[in-house]
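Please open the structure in a viewer and keep the selection tool at hand. The tour proceeds by a series of selections, each followed by an account of what is there.

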Amino acid sequence: MTLRVGVIGAGMIGQEHTRRLTTVVTGAEVVAITDLTADRAERLAAETGARAYASGAELIAGPDVDAVLVTSWGPTHAEYVLAAIAAGKPVFCEKPLATAAADCLRILEAEIAHGGRLVQVGFMRRYDAAYRRLKELVDADGIGTPLMVHCAHRNPTVPVSYTSEMAMLDTAVHEVDVLRWLLGEEIVSAQVLTPRPTGRRFEHLQDPQIMLFATSGGVRIDVEVFVNCQYGYDIRCEIVGETGAARLPDPARPAVRHDGRESTAIVSDWRDRFGDAFDTEIQAWVDAAAAGTATGPTAWDGYAATAVADATVEALKTQEIVAVDMEARPAFYTGAPQ
Ligand code: NAD
Ligand code: ISE
């Protein structure tokens with residue numbers, strides 16, 4: 001059976017995932033596309049042979065749509081995810097699941113009432129080969145009990161529309177998810193340090209930031225977010241345990257010897273760094289959705305990330321250590337974070 005997918009949001013990542021579903025992933029075809037900007041949806045639909053729909057609601061209800069992929073702006077995600085659940089259709093939602101924790105809780109309730117998983121959240125790092133090897137090592141007790149984690153998330157530049165809060169909401173949210181998954185523990189508090197700002201930033205932006213998190217088991221995490229580092233896209237993670245330390249390797253690149261020097265290229269952006277992870281992620285979604293279910297990061301993971309993000313934004317504003325306000329995990333989402 002070929003899974004017939006409807007895409008809501010034909011912007012940057014909507015176009016990427018549509019291309020991925022059309023040319024990389026097996027077992028799926030994109031049959032429907034919608035966007036707030038009708039031209040954009042029509043253009044992408046024409047390129048892929050899909051039908052352009054006037055609204056997300058119409059697309060979700062479409063009888064030819066088996067499953068829904070949400071790649072519109074964050075504040076619109078909850079409405080579409082809830083509508084897909086109401087229609088009983090599997091839904092892949094790019095991060096964030098919702099911008100308000102209360103909306104995430106409504107999604108959890110709706111999925112639980114449905115009685116089986118329908119929602120997968122787009123935290124693609126869990127599908128990255130290097131992070132997976134790191135997790136296997138930690139799970140196999142290769143470095144003993146984790147005690148500390150040191151991370152960095154650097155982007156070369158960001159557009160003027162990027163705000164100080166987005167360092168958490170848009171950027172460090174990936175570290176929050178992947179560390180919950182790697183450690184199998186929830187994050188319980190957040191603090192934000194604000195170093196001397198780089199001169200190569202917009203006036204409104206605090207960049208870099210250092211976020212400090214504590215987990216339920218007492219692991220201390222520091223995440224440097226620096227989104228105007230100029231030189232490339234740089235993702236770092238080192239877990240220090242009782243008997244050893246493990247570091248996320250950089251993607252393999254040839255070491256070039258030329259003109260009296262040896263050099264290795266640095267990846268340029270998140271598409272370059274995580275392209276394979278996105279392919280694996282969307283293939284996993286298609287396979288699960290074809291069976292009427294979902295896999296990977298759950299709606300609970302989406303909720304937990306939003307709850308930590310809320311505490312971190314508050315910590316940036318107040319410069320205090322802020323406790324994460326998180327409900328108890330429903331039995332439906334049992335087990336350690338996946
Ligand atoms: P974008 O602005 O390029 O595209 C978003 C599109 O959604 C736009 O075309 C816009 O017109 C459309 N849209 C907005 N409101 C809509 C609505 N109510 N109904 C239908 N369409 C609507 O943004 P983007 O960079 O593609 O990001 C989209 C989402 O993907 C965001 O939530 C972002 O955080 C996420 N994202 C995830 C990653 C990742 O690494 N996993 C990377 C980039 C973006
Ligand atoms: C972007 O939205 C992403 O999700 C990327 O993965 C991240 O690296 C980048 O900082 C965000 O702006």
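The tour below begins with the whole chain and then turns to each ligand.

**The whole chain**

Begin by displaying the entire chain, bearing in mind that the model is predicted. Colouring by secondary structure should bring out nine helices and 15 strands. The radius of gyration is 20 Å, close to the 20 Å that the globule rule gives for 338 residues, so the chain is as compact as a globular protein of that length. Along its principal axes, the C-alpha trace spans about 55 × 55 × 45 Å.

Next, turn on the surface. The chain exposes about 14,900 Å², of which carbon and sulfur atoms supply 51%. Of the 338 residues, 53% count as buried. To follow how the chain folds back on itself, consider contacts between residues at least 6 apart in sequence: 72% of these join residues at least 24 apart.

**Ligand 1**

Now select ligand 1 together with the residues that surround it, which number 25. The closest are Asp-35, Arg-40, Trp-73, Tyr-80 and Lys-95. Two of these deserve a closer view. A polar side-chain atom of Asp-35 lies 2.6 Å from an oxygen atom of the ligand, and a polar side-chain atom of Trp-73 lies 2.8 Å from an oxygen atom of ligand 1. Add Glu-94 to the selection: an N or O atom in its side chain is 3.0 Å from a nitrogen atom of ligand 1. On its own, ligand 1 has 850 Å² of accessible area, and the protein covers 86% of it.

Which helices should be highlighted here as supplying at least two residues each to the shell around ligand 1? They are α1 (12-23), α4 (77-86), α7 (166-183) and α8 (270-290). Colouring this shell by class gives 10 nonpolar, 10 polar and five charged residues.

**Ligand 2**

Move on to ligand 2 and select Lys-95, Met-124, His-153, Asn-155, Asp-170, Thr-171, His-174, Tyr-233 and Trp-270, which surround it. Lys-95 has already appeared among the residues closest to ligand 1.

Three side chains may be inspected in turn:

- His-153 places a polar side-chain atom 2.7 Å from an oxygen atom of ligand 2.
- Asn-155 has a polar side-chain atom 3.1 Å from an oxygen atom of ligand 2.
- Thr-171 likewise has a polar side-chain atom 3.1 Å from an oxygen atom of ligand 2.

The protein covers 86% of the 300 Å² of accessible area that ligand 2 has on its own. Finally, highlight α7, which gives the most to this shell, with three residues. By class, the shell around ligand 2 consists of three nonpolar, four polar and two charged residues.

Notes:
Residues numbered from 1 in each chain as written. Chains lettered and ligands numbered in written order. Predicted model: local features only at pLDDT ≥ 70, side-chain atom pairs only at ≥ 80, totals over all residues. Heavy atoms only, no water. Near = heavy atom within 4 Å. Polar contact = N/O pair within 3.5 Å; in protein donor to acceptor, adjacent residues only side chain to side chain. Areas by Shrake-Rupley, 256 points an atom, 1.4 Å probe, with all protein chains shown as cover. Helix = DSSP H or I, 4+ residues; strand = E, 2+ residues; numbered from the N terminus. Nonpolar A, V, L, I, M, F, W, Y, C, P; charged D, E, K, R; others polar. Rg over C-alpha atoms; globule rule 2.2 N^0.38 Å. Buried < 20%, exposed > 50% of the residue type's maximum accessible area, 1.4 Å probe, protein only. Contact = heavy atoms within 4.5 Å.
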